[in-house]
Amino acid sequence: MRPPGITVSIATALALAGCANPERSRDLANPHLPALVIAQQVCANCHGIQGNATSPNFPNLAGQPQAYLVSQLKGFRSHDRRDPAGFEYMWGLSRSLTDAQIEGLADYYARQVPVSPPNDADEATLQAGRAIFEHGVPDRQVPACASCHGAQGQGHDTFPRLAGQHADYVIKQLAVFQRTEERPDGAVMTVVAHGLHEQDFASVAAYVQALPAR
């Protein structure tokens with residue numbers, strides 16, 4: 001009999017294999033592979049079976065607007081989205097996806113129920129983040145996050161849901177918008193991020209993670 005610890009280690013290694021070698025995860029070159037199968041057997045390795053990622057390295061997809069998910073998947077497929085998460089993971093996974101599969105994946109995740117990760121931020125950080133989210137930073141011409149992402153961070157159309165998103169992931173993406181041209185579809189966010197400081201990143205990221213994922 002195999003010791004329990006070895007069984008767990010093997011299971012973990014198999015789950016991570018889909019992220020480490022995304023192009024080998026399943027037969028993604030098959031245009032007839034249903035979107036549900038892709039979601040449950042491939043995407044789930046990083047994003048969770050229902051789109052709620054346990055690792056902060058990967059974004060929560062549950063409850064994201066369908067139009068946003070479609071635009072991001074097509075951006076990965078075309079290599080227009082060039083941030084590290086894109087070329088390390090998503091370029092290989094998305095390169096053979098058909099438009100129908102992309103639409104199916106977006107529909108699947110848009111219908112899932114988002115779950116907020118645990119929140120351990122202190123009250124001062126949360127209040128600073130709330131001020132930026134609700135009012136922006138007027139003296140630096142930074143608009144309120146809520147003006148595009150919704151009062152509760154719920155997102156709409158091509159603006160993503162922020163409520164319940166992993167703070168670490170939000171910080172990384174804000175840095176991408178501020179310092180690179182790796183997400184050319186996010187011209188609005190490039191302008192916004194340029195007016196924020198690193199502490200602002202941490203504060204607003206902590207606040208949106210703490211927002212109820214509803």
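Me: Where in the chain do Phe-87 and Trp-91 sit, and how far apart along the helix are they?

Reply: This is a predicted model. Phe-87 and Trp-91 both belong to helix 4, residues 84-94. They are four residues apart, so about one helical turn separates them.

Me: How do I read an aromatic pair, and what is the case for Phe-87 and Trp-91?

Reply: A pair of aromatic rings is described by the distance of the centres and the angle of the planes. By this rule the model holds four aromatic pairs. One of them joins Phe-87 and Trp-91, with centres 6.1 Å apart and planes at 70°. Planes over 60 degrees apart count as edge-to-face, and this pair is edge-to-face.

Me: Are Phe-87 and Trp-91 buried or exposed?

Reply: The class in between applies to both. Phe-87 has a relative accessible area of 43%, so it is partly exposed. Trp-91 stands at 22% and counts as partly exposed. The cut-off for buried is under 20%.

Me: What geometry do Tyr-108 and Tyr-109 show as a pair?

Reply: Tyr-108 and Tyr-109 are edge-to-face, at 4.9 Å centre to centre and 75° between the planes. Tyr-108 is buried, at 8% relative accessibility. Tyr-109 is buried as well, at 3%.

Me: Which residues have the most contacts inside the largest nonpolar core?

Reply: That core has 21 residues. Those with the most contacts inside it are Leu-28, Ile-38, Leu-69, Leu-73, Leu-97, Leu-105 and Tyr-109. Helix 2, helix 3 (66-78), helix 4 and helix 5 (99-110) each supply at least two of its residues. Another core lies apart from it, with 20 residues. Cys-145, Ala-146, Val-204 and Val-208 are among them.

Me: What does Leu-97 touch, beyond its neighbours within four places in sequence?

Reply: Leu-97 is in contact with Ile-38, Leu-73, Arg-77, Ile-102 and Leu-105. Ile-38, Leu-73 and Leu-105 are also listed among the residues with the most contacts inside the largest core.

Me: Now a polar side chain. Where does His-47 lie, and is it buried or exposed?

Reply: His-47 lies in helix 2, which covers residues 35-47. His-47 has a relative accessible area of 10%, so it is buried.

Me: Which backbone atom lies 2.9 Å from a polar atom of the His-47 side chain?

Reply: The backbone oxygen of Pro-59 does. Pro-59 also appears in the contact list of His-47, together with Asn-52, Ala-53, Phe-58 and Leu-61. That list leaves aside neighbours within four places in sequence.

Me: How many helices and strands does the chain have?

Reply: It has 10 helices and zero strands. From the N terminus on, the elements run α-α-α-α-α-α-α-α-α-α.

Me: What share of the chain is buried, and what share of its contacts is long in sequence?

Reply: The chain has 214 residues, and 46% of them count as buried. Take the contacts between residues at least 6 apart in sequence: 69% of these join residues at least 24 apart. The accessible surface comes to about 11000 Å². Carbon and sulfur atoms hold 58% of that surface.

Me: Where is the pLDDT below 50?

Reply: Begin with the average. The chain averages a pLDDT of 89, and 87% of the residues score at least 70. Over residues 1-18 the pLDDT is below 50, and this stretch has six contacts beyond near neighbours in sequence. Residues 20-25 also stay under 50, and the model has 10 contacts for them beyond four places in sequence.

Definitions and conventions. Residues are numbered from 1 along each chain as its sequence is written. This is a predicted model: local features need pLDDT of at least 70, side-chain atom pairs count only at pLDDT 80 or more; totals for chains, interfaces and linings use all residues. Side-chain values use heavy atoms; hydrogens and water are left out. Buried means under 20% relative accessible area, exposed over 50%, partly exposed in between (1.4 Å probe, protein chains only). A polar contact is a pair of N or O atoms within 3.5 Å; within protein, one must be able to donate a hydrogen and the other to accept it, and residues adjacent in sequence count only if both atoms are side-chain atoms. Contact means heavy atoms within 4.5 Å. Rings of Phe, Tyr and Trp (its six-membered ring) pair if their centres lie within 6.5 Å; planes under 30 degrees apart count as stacked, over 60 as edge-to-face and the rest as tilted. Accessible areas come from the Shrake-Rupley method with a 1.4 Å probe; for residues, only the protein chains shown count as cover. A nonpolar core is a set of buried Ala, Val, Leu, Ile, Met, Phe, Trp, Tyr and Cys residues joined through side-chain atoms within 4.5 Å. pLDDT is the predictor's confidence in each residue, from 0 to 100.
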